[in-house]
Every structure is written in structure tokens, then in C-alpha cells.
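Student: Could we go through this protein together, one question at a time? I would like to see how each answer is reached.

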Amino acid sequence: YDKACEFYQKHKTRIWYVIYGTLITVYLAAVIAACSLNFQRALPLFIITVLVTFFICWDFLIAKYEEKIAAFFVPIEIYVEKQWFWLKWVVCVVLIITVICWLIFDTAKQGSHQLISFGGLVLYVLLMFVFSKYPTRVAWRPVFSGIGMQFILGILILRTKVGFDVFNWLGIQIQTFLEYSDTGAMFVFGEKYTDHFFAFKVLPIVVFFSTVMSVLYHVGFMQWLVGKVGWVMQILMGTTPVESLVAAGNIFVGQTESPLLVRPYLPLVTKSELHAVMTAGFSTIAGSVLGAYISFGVPASHLLTASVMSAPASLVTSKLFWPETEKPTVNVRSGLQMAKDESKNLLEAASQGASNSILLVANIAVNLISFLALLAFIDSALSWVGSLFDYPQLNFENICAYIFMPLSFMMGVDWEDSFIVGGLLGYKTFFNEFVAYERLSKLIHNREKGGSMYINGVKQYMTVRSEVIATYALCGFANFGSLGLVIGGLTSIAPSKKKEIAGGAFRAMIAGTVACFMTACVAGMLIVPALEVPCHVLLGNAFNATDLPANSTELVKCCQQLFTSVNNSQEIFPGGNYSLSSWEGCCQILHQPAFNCT
């Protein structure tokens with residue numbers, strides 16, 4: 001035994017090289033075998049393997065040749081600095097021309113809705129600038145590069161087939177992954193656990209996701225991923241390492257967990273950096289509650305996209321609302337080490353993640369109980385007040401709708417839907433996003449059922465475009481309940497910054513809210529939701545009017561699909577989803593001579 005130990009200590013490095021080499025060889029052989037059997041089925045595994053290989057090689061090259069690579073780019077950096085006076089004007093002119101051309105061609109193709117969203121984006125940037133803490137000290141590089149990052153991400157995800165398919169596939173995989181929590185919920189609560197949907201279906205997802213995130217932190221994957229995303233934002237936007245890492249971390253974790261990544265540096269940050277840290281927390285949602293919103297029926301692909309796009313948006317609004325006026329202590333040259341997980345093994349990490357979720361689950365449950373009860377009381381009181389003036393319909397949602405209606409319209413929401421979205425924004429701001437997403441899910445389910453759009457003059461659901469924009473606008477923790485959570489959480493981490501935290505928290509909440517609105521504006525400019533509307537709903541809405549609607553591309557496609565589906569059928573109304581008015585309208589639009597119309 002002693003000789004074996006001595007041999008191992010002497011050749012430890014070589015032995016581990018052999019073990020790693022063997023494991024990698026076996027894994028690559030398995031990937032090749034899977035691809036040769038069925039490449040389409042093994043495509044996700046192949047893509048993951050390529051990405052992992054690329055990043056391993058990238059990290060190796062950066063660690064070994066970082067100084068040489070930096071030295072190679074030094075002459076280019078010096079040249080750009082010398083010529084920057086006229087280069088910046090060339091870049092500005094090119095960007096302005098590009099935006100104008102894009103708006104002209106896109107408006108001609110998609111319609112004028114995109115122009116409203118673009119106007120809303122400009123309006124929110126101007127409002128942030130006008131009410132900035134130091135308007136004359138605003139650095140415009142983070143602002144324009146952050147908005148540019150949003151556009152690039154939005155175009156890749158929402159306008160390209162590959163990007164849309166990738167995020168749609170990710171959304172489906174996450175939904176499938178979250179369904180594994182049903183096994184634990186069924187064992188603990190019994191087979192009829194879905195009878196109490198929120199308590200026994202939604203909340204166990206939060207526990208499961210918290211456990212998984214804790215395990216990923218323990219193995220170091222989350223630190224690596226957050227570091228890569230933060231590095232990209234730091235390079236492109238020119239923000240400091242602390243605020244970049246926290247903004248990247250908020251894509252995956254909550255507003256009180258992400259500052260823990262840079263805990264040793266929080267006492268050293270400037271007021272602007274601290275404001276950016278808080279804004280990042282308000283403008284995004286945690287991965288644990290993301291699963292809960294998906295279980296409501298909110299599209300997973302749009303929630304994922306909103307989480308990613310809001311990270312650069314948070315830095316844009318924070319740098320506009322509270323510009324940097326001090327010299328940051330922690331910079332690129334001083335380096336930055338992220339805090340590590342304290343668990344000793346995987347089992348402890350998983351158990352700790354589950355235990356940590358207890359407070360989160362209890363917090364969600366008691367807040368919803370208290371908020372919904374309080375909301376019912378407020379609605380009853382307002383209805384009583386309204387009845388004194390012959391307006392018993394007065395309630396909290398109506399008041400919020402009137403307040404937020406202009407803001408929702410400027411995001412690109414259809415005018416007839418802006419009242420509903422305004423109410424959702426009120427729920428999110430004064431209560432929390434859980435209440436708002438629960439209301440939004442009901443509207444989505446009503447649309448999918450394809451019932452009547454109006455009942456007693458009250459709209460029952462919105463267009464898909466309005467739903468998508470609302471999904472992006474609600475995707476953040478910016479509410480008054482989170483305000484106390486952030487102040488308490490950050491004060492416990494950095495007691496020396498208590499005064500600065502309390503003084504800047506409210507401004508950070510406003511900046512976080514506007515960051516979500518800006519993300520919704522970008523989504524409104526890029527989303528093409530008409531293809532997502534079921535044809536029977538589209539035709540039903542179009543032909544329920546007294547006048548024949550305009551002959552649009554979507555109507556023609558749906559009518560063609562309707563007639564194609566009955567070419568080989570002798571039934572008059574196959575499918576059952578299409579009303580008589582839909583058939584009559586399609587006959588008038590296409591002038592169909594077939595038996596379907598006669």
C-alpha cells in the first residue's frame with residue numbers, strides 16, 4: 001500500500017492525464033457512434049460537444065497567450081484613440097443611416113407598429129437622460145452599445161429562423177426538465193396534487209430549480225458562464241467588472257444572490273456601480289421563478305429572451321440615470337475573483353439548494369396570499385366609492401390601467417389592448433410580477449380557446465403581439481416589495497454602504513422598470529407574431545365584424561389552409577373550430593368556386 005501511494009504521488013499528474021484522456025476518448029467515441037446511427041437525433045449532443053470543446057480551447061489559449069494577444073491589439077487601440085475624434089462622427093452617421101434605412105424597409109414590410117415601439121425606445125432613453133442624477137456626466141458608450149446588444153440579440157432570436165428555433169428548442173427542453181419536479185410533488189402530495197395547482201405544482205418547481213442551480217454553482221459551471229457573459233458586456237459596453245458580472249449573474253439568479261458573486265468588492269464600489277448592481281436586480285428575474293412563470297403557460301422562449309436582453313438594458317438605464325462621477329477602485333487591471341460555493345460535495349450542494357428555497361417558497365406563498373387578499377379588499381372599497389358616483393366598475397386595475405396606458409402604448413401594444421397591459425403593469429409594480437403573470441396567463445388561455453373577444457363590453461384576451469410585449473415588460477423584479485428586499489439584502493452584505501443603498505434603491509427600481517420597458521420596445525420592433533395566431537381565431541376575429549376586412553396576407557394564408565384541409569373530404573365543416581362566418585368570409589376573399597362555398 002505504501003509503495004502504491006508513493007508511486008501515485010510520484011506520477012500523479014501523468015495518471016490523471018491518462019484518466020482524463022481515456023474518459024474523453026470514450027465520450028468522443030460515444031458521440032461519433034450516436035451521430036453515425038442518427039445524426040438528427042444526436043444533433044443537440046453534437047452541438048454541446050462542439051461548444052464545450054471551443055470554450056475549453058478558448059480558455060486554454062487565453063490563459064497561456066493573454067499577454068501576447070493584448071500586445072497584438074495595442075497598436076490598433078492606440079490608432080483608434082488618436083483618430084477617435086473623427087471616427088466617432090463617422091460611426092454615428094453610419095449608425096443613423098442604418099437605423100433610418102432599416103425603419104423604412106421594415107415598416108414597408110411589417111407595418112407601422114414597429115415605428116411606435118422605436119418611438120417608445122427613444123422616449124424612454126430621453127426620460128432617463130432628462131431625470132438623470134448628473135445629465136452632463138453621462139457616458140454614451142454604455143448606452144448605445146447596450147441598446148445595440150439588445151438589437152443584435154433580438155434580431156438573432158426573433159427574426160432569424162436559426163435563433164428562433166434554438167430558443168424555442170431551449171424553451172421546450174426547460175419545460176420538459178421542469179416536469180421532473182412532478183415526480184417529487186406526486187410522491188409528497190399524492191396523485192391529485194394538481195387539484196391545488198399553485199401550491200403543489202408551481203412551488204415545487206421553485207424548489208427543484210433552486211436545487212439544480214446550487215449544484216451548478218458547486219461544480220463551477222455558473223461562475224464560468226456568468227464570467228463569460230460579464231466579460232462580453234464589459235468589453236463591448238465599457239462597464240466595470242463588478243457591475244458587468246452582477247448584471248450577467250442576474251440572468252440566472254435573483255437580485256439578492258447575484259451580488260454574492262462579488263461580495264468582497266461591494267464595500268469598494270462607487271455610488272454609480274452600486275446603483276447599477278441594484279438596477280440589474282430590479283430589471284431581471286431569477287431562474288427559480290422563471291420555471292414557475294413557464295408553468296403558468298407564458299411562452300418559455302420569450303421569457304428566456306427577455307431575461308437575456310434585460311441584462312444589457314439594466315446597464316443602459318443605470319448609466320443614464322446615475323452616471324459615473326468617481327474613479328472605480330476595482331478595474332480590469334486589478335482583477336476580479338468571484339466567490340466560490342462553500343459546499344463540500346454534490347449532495348451537500350443539492351441539499352443546501354433545496355433548504356435555501358424554503359424561504360423563497362414561503363415568501364412567494366405568503367406574499368400572494370396577502371397581496372391577493374389586500375387587492376380584493378381594495379377593489380371592494382373602490383367599487384363602493386365608485387358606486388356613489390354611479391361607477392361601480394371602479395377597481396385597482398382600472399386606476400393602474402389609466403396610469404400605465406400611455407407607457408404600454410409607447411412600447412408598441414395595440415391601442416385597444418394598452419388598457420389591459422396597463423393594468424398588468426400596475427399589478428407588477430405595486431404588488432409583484434407573480435400576480436401580473438398569473439393574470440396574463442388567463443388572457444393567453446382565453447385567446448387559445450378562441451372564444452368571443454368581448455363579453456359585456458369587456459375584452460377577454462389580447463392579440464399575440466400585445467401578449468409578447470407584455471411578457472417582456474413584466475419580466476423583472478421592479479416592485480415595491482422587492483425594494484425592501486434589496487435594501488435589506490445588500491445592507492447585510494455591505495454594512496458600510498447602508499446610507500448609499502437606502503438613498504439609491506428607489507431610483508434603481510425606476511431604472512429597472514424602464515429597462516424592462518426598453519426590452520419590450522425592442523421586442524415590439526422585432527416580433528412578427530401574426531404567424532403565432534391560430535387560424536380559426538384569426539378568421540373568427542376578422543369576420544365577426546360587419547364589414548369585410550382588408551385582404552391581408554395572413555387572412556389569405558389561413559383561408560387557403562382552410563380549403564386545402566377539405567380537398568379530400570365531403571364534410572361541410574371539418575375540424576369544428578371554424579365558424580360559418582369564417583367560411584363565408586373566405587369564400588368572398590378567394591372567390592372559391594368549389595363545393596365548399598356552394
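Student: In which helix is the place of Asn398?

Tutor: First, a word on what you see: this is a predicted model, in which local features need pLDDT of at least 70 and side-chain atom pairs count only at pLDDT 80 or more, while totals for chains, interfaces and linings use all residues. Residues are numbered from 1 along each chain as its sequence is written, and side-chain values use heavy atoms, with hydrogens and water left out. Helices (DSSP runs of H or I, at least four residues) and strands (runs of E, at least two) are numbered from the N terminus. Residues 396-410 form one such helix, and Asn398 belongs to it: α15.

Student: Is Asn398 buried or exposed?

Tutor: We use relative accessible area, found with a 1.4 Å probe and protein chains only: under 20% is buried, over 50% is exposed, and in between is partly exposed. Asn398 has 11% relative accessibility, so this residue counts as buried.

Student: Which backbone oxygen does the side chain of Asn398 reach?

Tutor: Start with the residues Asn398 touches (contact means heavy atoms within 4.5 Å): leaving out those up to four places away in sequence, they are Tyr391, Gln393 and Phe419. A polar contact is a pair of N or O atoms within 3.5 Å; within protein, one must be able to donate a hydrogen and the other to accept it, and residues adjacent in sequence count only if both atoms are side-chain atoms. At 2.7 Å, the side chain of Asn398 makes such a contact with the backbone oxygen of Gln393.

Student: What is phi of Asp390 near, in degrees?

Tutor: Asp390 sits in the loop between α14 (346-387) and α15, and it is exposed because its relative accessible area is 71%. Most residues other than glycine have a negative phi. Asp390 is not glycine, yet its phi is positive, near 60 degrees.

Student: How many residues of α12 are buried?

Tutor: Going along α12, the buried residues include Gly287, Leu290, Tyr293 and Phe296. Their cover includes α6, α8, α13, α14 and α17 (433-449). This helix is largely enclosed by the rest of the structure, because the buried count is 10 of the 10 residues.

Student: Which element gives the most to the lining of the second largest pocket?

Tutor: On a 1 Å grid over the protein atoms alone, a pocket is an open set of points with protein on both sides within 12 Å along at least five of seven lines, and lining residues have an atom within 4 Å of a point. The second largest pocket holds about 2400 Å³ of space, a volume filled by probe spheres set on grid points joined across faces, edges and corners. Its lining has 49 residues, with Leu51, Leu170, Phe221, Leu225 and Phe252 closest to the centre. Among the elements that give two or more residues are α5 (140-159), α9 (221-237) and α12 (287-296), but the top contributor, with 11 residues, is α3.

Student: How many nonpolar residues are in that lining of the second largest pocket?

Tutor: Ala, Val, Leu, Ile, Met, Phe, Trp, Tyr, Cys and Pro count as nonpolar, Asp, Glu, Lys and Arg as charged, and the others, Gly among them, as polar. By that sorting, the lining has three charged residues, five polar ones, and a nonpolar count of 41.

Student: What separates the C-alpha atoms of Leu490 and Pro259?

Tutor: Leu490 is in helix α19 (residues 480-493), and it is buried because its relative accessible area is 4%. Beyond its neighbours within four places in sequence, it is in contact with Pro259, Leu266, Met278 and Ile501. Leu490 and Pro259 are 231 residues apart along the chain, yet their C-alpha atoms are separated by 7.7 Å.

Student: Which backbone nitrogen does the side chain of Glu348 reach?

Tutor: Glu348 lies in helix α14, and with a relative accessible area of 33% it is partly exposed. Its side chain makes a polar contact at 3.1 Å with the backbone nitrogen of Lys344.

Student: What share of the residues in the protein is buried?

Tutor: The secondary structure comes to 23 helices and two strands. Of the 598 residues in the protein, the buried share is 42%.

Terms used: On a 1 Å grid over the protein atoms alone, a cavity is a set of points where a 1.4 Å probe fits but cannot get out, and a pocket is an open set with protein on both sides within 12 Å along at least five of seven lines; lining residues have an atom within 4 Å of a point.
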